[in-house]
Amino acid sequence: MDFVSELKNKAKASGKTIVLCEGEDKRVVEAASKIVKEGIAKIILIGTEEEAKKVAPDADLSGVTLVNPETDPNADKYAELLFKAREGKINKKTGAPEYADVAAAKAYILKDRTMYGALILKAGDADGFVSGACHSTANTLRPGLQVIKTAPGIKTVSSCFIMVAPEGGNKYVPEGISLFADCAINIEPSAEELSDIAIATADTAKKIAGIEPRVALLSFSTKGSGNDDKFFKSVPKMQEAAAIAKEKAPDLALDGEFQFDAAVAPEVGELKAPGSKVAGHANVFVFPNINAGNIGYKICQRMGGWMAIGPVCQGFAKPLNDLSRGCNVEDIVATVAVTALQA
């Protein structure tokens, strides 16, 4: 059985309810129909039947729960939740409170379906949240940061992509699965944040992807072969991140800094980092910044034929995941399955 089929089967057994926020998007509507038909999860789709039928006239929405914020009897409850979550917060542009009262909060959520979906999750009326097919990562994650917030003890919210090898596999990744982080949230993470990202992604690798993580912190340098001290100091940052992560999680197979070939190719890893248990065998890759990570996963996806599931968010108090705006129906289905397994 292939990896995505395994994900779907595990999700079916969990019986979770996932809210999809973008009922105006053809891909999301078609994915909602497919998910319910296959029994992968129960779906709350924010939007109207008219909107859904307009963009996806052939989609069978029987079994999908459509929620129109304008007519939803729970709207007052969600407005109260938002007002309490943001009470005392000041709008930096106006200097006034974000929401003067519950009525102001309600007026806002009737216009912002992404926030509405986050409040459905916050209220416990869904087990997970997926959005981002037609909204930016910032618009998708802002409600998460504002009302879902981070899990206890978590400092860094991050993301990873679960990368699934194309048919025929890949000689460098025998499991057929690898994880790339952080490609979507943290723009220029510090060494401390990179250590959190590495440990969180290793946990996702084990719990969601079902693989034993071997984590490589990436650079243009391998074990000090390169140096950019005069410019960005990215090499020392990755070295420090590796040291911090090893201290936090001493039992985790983690090493760096590595060039990508030294991390993934045994013959190069042995040559450039002899004695490392990770070099040449990594399956979890932590990039120095969002530039490298985002470019890297899209090259792998578009030129290498790998499937990219995610971004899978890590660190929220409840499962909340973002979609790439270039996603297709199968990407959405897989992300919903992952979200169900996080719940």
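Is isoleucine 177 buried or exposed? Hold that thought for a moment, everyone, while I set the scene.

What you have above is a predicted model, in which local features need pLDDT of at least 70 and side-chain atom pairs count only at pLDDT 80 or more, while totals for chains, interfaces and linings use all residues. Residues are numbered from 1 along each chain as its sequence is written, and side-chain values use heavy atoms, with hydrogens and water left out.

Back to the opening question. Isoleucine 177 counts as buried because its relative accessibility is 4%; buried means under 20% relative accessible area, exposed over 50%, and partly exposed in between, with a 1.4 Å probe and protein chains only. Isoleucine 177 sits in strand 6, residues 177–181. When I say strand or helix, I mean a DSSP run, numbered from the N terminus: H or I of at least four residues for helices, E of at least two for strands.

Who surrounds this residue? Setting aside neighbours within four places in sequence, isoleucine 177 is in contact with Phe3, Ile162, Met163, Val164, Ala209, Ile211 and Asn283. Contact here means heavy atoms within 4.5 Å. There is also alanine 165, which is 12 residues away from isoleucine 177 in sequence and 6.2 Å away in space, C-alpha to C-alpha.

Now let's zoom out to the sheet. Strand 6 belongs to an open sheet of 6 strands, in the order 8-7-9-6-5-10, with mixed pairing. Two strands pair if DSSP finds at least two bridges between them. As a reminder, strands of a sheet pair through backbone hydrogen bonds, either parallel or antiparallel. At the edges are strand 8 (253–258) and strand 10, each pairing on one side only. On average, neighbouring strands of this sheet are turned by 20° against each other, direction ignored. For angles, axes are lines fitted to C-alpha atoms, for helices over the stretch in contact, and angles run from 0 to 180 degrees between N-to-C directions.

Strand 6 pairs with strand 9 (residues 284–286) in the parallel sense, over 3 bridges. Across that pairing, phenylalanine 180 stands opposite phenylalanine 285 in strand 9. Helix 1, residues 3–14, packs on this sheet and touches strand 5 (158–164), strand 6 and strand 10; its direction makes about 45° with that of strand 10.

On to the other sheet. Here 5 strands form an open sheet in the order 3-2-1-4-11, and the pairing is parallel. Its edge strands are strand 3 (65–67) and strand 11 (320–322), each pairing on one side only. The twist from one strand to the next averages 20°. Strand 2, residues 42–46, pairs with strand 3 over 3 bridges in the parallel sense, and isoleucine 44 stands opposite threonine 65 in strand 3.

Two helices to look at here. Helix 6 (residues 113–122) packs on the sheet, touching strand 1 (17–20), strand 2, strand 3, strand 4 (128–131) and strand 11, and its direction makes about 165° with that of strand 4. Helix 13 (residues 329–342) packs on the sheet too, touching strand 1, strand 2, strand 4 and strand 11, at about 155° to the direction of strand 4.

Next, a couple of threonines in loops. Threonine 48 lies between strand 2 and helix 3 (49–55), and it is buried because its relative accessible area is 16%. Not counting residues up to four places away in sequence, threonine 48 touches Leu66 and Asn68. Threonine 222 is in the loop between strand 7 (214–218) and helix 9 (234–248). Threonine 222 and alanine 262 are 40 residues apart in sequence, yet 7.2 Å apart in space, C-alpha to C-alpha.

Last stop: the pockets. How much space lies in the largest pocket? About 590 Å³. A pocket, on a 1 Å grid over the protein atoms alone, is an open set of points where a 1.4 Å probe fits, with protein on both sides within 12 Å along at least five of seven lines; lining residues have an atom within 4 Å of a point. Grid points are joined across faces, edges and corners, and a volume is the space filled by probe spheres set on the points. Of the 24 lining residues, the closest to the centre of the largest pocket are Ile154, Ala200, Asp203, Gln314 and Gly315. Helix 8 gives the largest share of that lining, 7 residues. Thanks, everyone!
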